[in-house]
Amino acid sequence: MSVKVNEKYLEGFVSQEEIKKIAPIAKEAFSLVKNHNGAGSSMLGWLTLPEDYNRDEFYRIKKAAEKIRKTCDVFLVIGIGGSYLGARAAIEFLKSPIYNSIRGNDPEVYFVGNSISPSSISDILKVCDGKDICINAISKSGTTTEPAVAFRIFREYLEKKYGEEKARERIYVTTDRAKGKLKEFSTKKGYETFVVPDDIGGRYSVLSAVGLLPIAVAGCDIDELLRGALDAKNEYSDFSMDNACVKYAALRNILYGSGKSIEILASYEPALQMLSEWWKQLFGESEGKDKKSLFPASVMFSTDLHSLGQYIQDGTRNIFETVIDIKKSKDNVTVPYDQFDVDGLNFLSGNDFNDINHKAMLATLIAHNDGGVPNIVLELEDRSEYSLGYLFYFFELSCAISGYILGVNPFNQPGVEAYKKNMFALLGKPGYEEHKKELETRIK
Ligand code: PA5
């Protein structure tokens, strides 16, 4: 069981010469990752995390998850970017995009602090009404505006509801090991804390406490998740152009070099919608710098075949797709026979939706190829914890290799600061007075 890169739908788009030409560059990129001597190499902790994770903390995560599952109806995960997307992607992938409606006895899980929308805060406060709540505030820096202001609100809510002493038992914080205001504050308040390792950036942190606690609270098997990631780590540890991570990284760079500036991640399973969001952050924030790189976009098929499908088939020819093909579905549903055959679809009666979905994928791959869109197909066994751990690791390693092939530092995100600086100035943060004046003349 692993991630298989199926190149069939690249025929006519990527040549053997191009693969030969990129091979030494890919080899060098792989070696920069493995030997920790590329840009940003102090942030490679995720590379060995599946084998050298902190066992004591892992045990505490499981204990905390058990307690949360027993004592709360609603679990709020407060975080943004890499401190949010992985956990949400995993819960939807492993359970369902409508997990909260079909969760059985598991707690409801909501993600807050990932926007500044007052409506989303108000909605979640309504959900909390009359229920027992636990919170996991996640922020490596501890000072990110969106989660920090949400944490203020929900901390106050819990303290009012339970009193400060009892609220302490319901608040969990995932942040830096030692430094930062949030760590200091949590120690003072006596909250149980978990660590975002120093050498792991947000978007590579899903297999650390950042992702593991919320994923475990939703009743998913985090041992299996890490087992999948460990098997991926072992499988992808040596360079070869047949190493799936190297292959994927090389192919997307070849396609980029041939004028395809947009990569669309496509899947045929709505449970992968948030995984696509996680993937967009991983590749977008890792590669989108120095005025170059692919733009990572996503679609959900067949839903989006009735919207963006037109553009993909027929619009500007600057795109390629990467399709995640899940081999085994969790469920089976059969099309019923209709004696009136009003829709003319009785030829489908008795067919499993999985077969129809699979045929839709094959039909689309051919149609998009005919329309001039190359497709990389990533085959994954199923929607198990094991497969997801494998896939997370596959994408993380592919992204690091791909970033080095492109010639960027895949581990920093200097561009994220620009909006923050302006926002703080416009909001009147002390120290930003001059910048505020300058911006105000520009928005008049
Ligand atoms: O990948 C990243 O580093 C970012 O997306 C961060 O995760 C995000 O900005 C949140 O940062 P923090 O965890 O410090 O609140």
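The exercises below, each with a worked solution, concern a predicted model of a protein with a bound ligand.

**Exercise 1. The ligand and its surroundings**

Determine where the ligand sits, which residues are closest to the ligand, and how much of its area the protein buries.

Solution. Begin with the location: the ligand sits in the largest pocket. Next, list the surroundings, where 13 residues surround the ligand, and the closest are Ser-83, Ser-139, Ser-141, Thr-144 and Gln-281. Then examine individual atom pairs, taking side chains before backbone. A polar side-chain atom of Ser-139 is 2.6 Å from an oxygen atom of the ligand, and a polar side-chain atom of Thr-144 is 2.5 Å from an oxygen atom of the ligand. For Arg-203, by contrast, it is a backbone N or O atom that lies 2.9 Å from an oxygen atom of the ligand. Finally, turn to area: the ligand taken alone exposes 380 Å², of which the protein buries 87%.

**Exercise 2. Backbone geometry between α13 and α14**

Find which peptide bond is cis, and work out which residues in the loop between α13 and β8 have a positive phi and whether each is buried or exposed.

Solution. As background, most residues other than glycine have a negative phi, and most peptide bonds are trans. Start with the peptide bond from Phe-301 to Ser-302, which is cis with omega near 5°; Ser-302 belongs to the loop between β8 (295–300) and α14. Move then to the loop between α13 (273–287) and β8, where Asp-290 is located. Asp-290 is not a glycine, yet its phi is positive, at about 55°. Ser-293 is found in the loop between α13 and β8 as well, and its phi, near 110°, is likewise a positive value in a residue other than glycine. The last step is accessibility: Asp-290 has a relative accessible area of 54% and is therefore exposed, the cut-off being over 50%, whereas Ser-293, with 15%, is buried, since buried means under 20%.

**Exercise 3. A glutamate in helix α13**

Establish whether Glu-287 is buried or exposed, and identify the side chain with which its own side chain makes a polar contact.

Solution. Glu-287 lies in helix α13. Its relative accessibility is 2%, so Glu-287 counts as buried. The side chain of Glu-287 makes a polar contact of 2.6 Å with the side chain of Ser-402. When residues up to four places away in sequence are not counted, Glu-287 touches Arg-252, Lys-292, Ser-293, Cys-399, Ser-402, Gly-403, Leu-406 and Val-408. This list includes Ser-293, the residue whose positive phi was found in Exercise 2.

**Exercise 4. Two loop residues**

Work out which loops hold Pro-270 and Asn-318, and what each touches beyond its neighbours in sequence.

Solution. Take Pro-270 to begin with, whose place is in the loop between β7 (262–267) and α13. Because its relative accessible area is 40%, Pro-270 is partly exposed. Setting aside residues up to four places away in sequence, Pro-270 touches Pro-97 and Met-300. Pro-97 and Pro-270 are 173 residues apart along the chain, yet their C-alpha atoms are separated by 7.0 Å.

Asn-318 is found in the loop between α14 (309–314) and β9 (319–326). With 17% relative accessibility, Asn-318 counts as buried. Leaving aside neighbours within four places in sequence, Asn-318 is in contact with Gly-259, Lys-260, Ser-261, Ile-262 and Tyr-311.

Note on methods. Residues numbered from 1 in each chain as written. Predicted model: local features only at pLDDT ≥ 70, side-chain atom pairs only at ≥ 80, totals over all residues. Heavy atoms only, no water. Helix = DSSP H or I, 4+ residues; strand = E, 2+ residues; numbered from the N terminus. Buried < 20%, exposed > 50% of the residue type's maximum accessible area, 1.4 Å probe, protein only. Contact = heavy atoms within 4.5 Å. Near = heavy atom within 4 Å. Polar contact = N/O pair within 3.5 Å; in protein donor to acceptor, adjacent residues only side chain to side chain. Areas by Shrake-Rupley, 256 points an atom, 1.4 Å probe, with all protein chains shown as cover. 1 Å grid on protein atoms, 1.4 Å probe; cavity = no way out; pocket = protein on both sides within 12 Å on 5 of 7 lines; lining within 4 Å. Sits in = over half its atoms within 2 Å of the grid points.
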